[in-house]
Amino acid sequence: MAINLELPKKFDSAVEQAHLAAEHIFRPISRTYDRAEHEYPKELDDLGKLVRAARDKARAADKGGSSSTDSDVVNGPNMRAVLNGVEMGWGDVALMLSIPNQGLGNAAIAAVATPEQLERFGEVWASMAITEPSFGSDSAAVSTTATRDGDDYVINGEKIFVTAGSRADHVVVWATVDKTAGRAAIKSFVVPMTTAGVTVVRLEHKLGIRASDTAVIRFENARVPADNLLGSPEVDTKKAFAGVMQTFDNTRPVVAAMAVGVGRAALEELRQIIEAAGHEIDYDAPAAGQHAAVAEFIRLESEWEASWLHTLRAAWMADNAEPNSLQASMSKAKAGRMVTEVTNKAVEIGATAAFSETMLLEKWARDAKILDIFEGTQQIQQLIIARRVLGKSSTDLK
């Protein structure tokens, strides 16, 4: 099959709207809410309503048919989410993560919910609670329990690093329904934040993405209806926890897209710094014959381009129902590594102006680090990639 790298024209309007929001809503308040950590950006309320309306319109359009002359090829919600992530990330990652009704838990619901659940939870704002004090990226180590009691599940445990944990009205909780069954018993549950026994313990103070709240949430005999379990309640040892892990195959390319957006923003600023210093960026001249800053810029730009192409591929595969676990991890690993290097090099080359708060470069350098950590660290992504490439299981290769 021939590869067409031209982006679908049906997304042009959505990309333009996302960029305008990033430029005229995010950028002007970016520094304000970076300094006012934990203060909710009220400017996002109206944007959240617009995003919801656009999302509903997009869903209707996606149901209407294919976006290509080849009826077997689809560019749908995953590609749209990636394109939106790039533009919003270019504006401000923390503010993007703070938009109402756009939580990571919403992605989990979209990935594994039944049609009835999609209808029931379609308008909620859901954060996602996976990590616990006893583990980081090893999602199989979940110790939070969900015990069946009649028509309900009773959830007990503590979750940390929950993005939008204090602002969202629901949280998608990963918990085990049977500790003796291992990975296969890990399920995800949609829990209203108003549920008795659900407590926001504290908000974290962070290096970056300070405008986004990051919460610790405790569950003490929190009772939810059994049909709030996303997907099938069956404990299938052959399938393991592939259902809940499918969430990552959808969200990792979106995190990669955020990194691509931040990287693009940093490269744009760095280009202006280099050109203002009187150095021309000449793509036809050998790197060895150009100013060191120019040669470094061209190298960083190539890393950015590679990250972008990885991300597009992973999203396209998800839209076309092709297994993309390998490609999702590749996009996340490449983009996470790229954005930390690009932003740090931009600060280094930009010198005093880039290191101070006169520009947003120092903020982007702080924000970038989380993009290489959450949704699975760089090390975890490389481990997943190695397993897929070598055909090894998690038992064979740890």
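1. Let's start at helix 2, which covers residues 44–63 and holds Asp-46. Bear in mind as you look around that this is a predicted model. Is Asp-46 buried or exposed? Asp-46 has a relative accessible area of 52%, and because anything over 50% counts as exposed, Asp-46 falls in that class.

2. Asp-46 has charged company on the surface. Together with Glu-39, Glu-43 and Asp-45, Asp-46 makes up a surface patch of negative charge. If you colour the model by charge, these four residues are the ones to look for in that patch.

3. Now step back to the whole chain. The fold is built from eleven helices and seven strands. The C-alpha trace spans about 75 × 50 × 45 Å along its principal axes. How does the radius of gyration fit a compact globule? For 398 residues such a globule would come out near 21 Å, and the chain has 21 Å, so the two agree. Of those 398 residues, 51% count as buried.

4. Next come the charge pairs. In general, side chains of opposite charge can pair when their charged atoms come close. How many salt bridges does the model hold? The count comes to 29, and the points below visit some of them.

5. One salt bridge joins Lys-9 to Glu-6, with 3.5 Å from N to O. Lys-9 has a relative accessible area of 61%, so this residue is exposed.

6. Helix 7, residues 242–276, offers another pair. Glu-268 and Arg-264 both sit in this helix, four residues apart, which is about one turn. Their closest N and O atoms are 3.6 Å apart, and the two residues form a salt bridge. Glu-268 has 34% relative accessibility and therefore counts as partly exposed, since that class runs between the 20% limit for buried and the 50% limit for exposed.

7. Helix 10, residues 361–371, carries a pair with this spacing too: Arg-366 and Glu-362 are four residues apart, about one turn of the helix. Their side chains meet in a salt bridge at 3.1 Å, N to O. Are these two residues buried or exposed? Both Arg-366 and Glu-362 are buried.

8. Finally, follow Arg-366 and Glu-362 outward, for they belong to a network of salt bridges. Which other residues does this network link? Arg-31, Asp-34, Arg-35 and Glu-357 are the further members. It is a nice place to end a first tour of the model.

Technical notes. Residues numbered from 1 in each chain as written. Predicted model: local features only at pLDDT ≥ 70, side-chain atom pairs only at ≥ 80, totals over all residues. Heavy atoms only, no water. Patch = residues over 30% accessible without salt bridge, like charges linked within 9 Å, V, L, I, M, F, W, Y side chains within 5 Å. Areas by Shrake-Rupley, 256 points an atom, 1.4 Å probe, with all protein chains shown as cover. Lys, Arg positive; Asp, Glu negative; His and termini not counted. Charge placed at Lys NZ, Arg CZ, Asp CG, Glu CD. Helix = DSSP H or I, 4+ residues; strand = E, 2+ residues; numbered from the N terminus. Buried < 20%, exposed > 50% of the residue type's maximum accessible area, 1.4 Å probe, protein only. Rg over C-alpha atoms; globule rule 2.2 N^0.38 Å.
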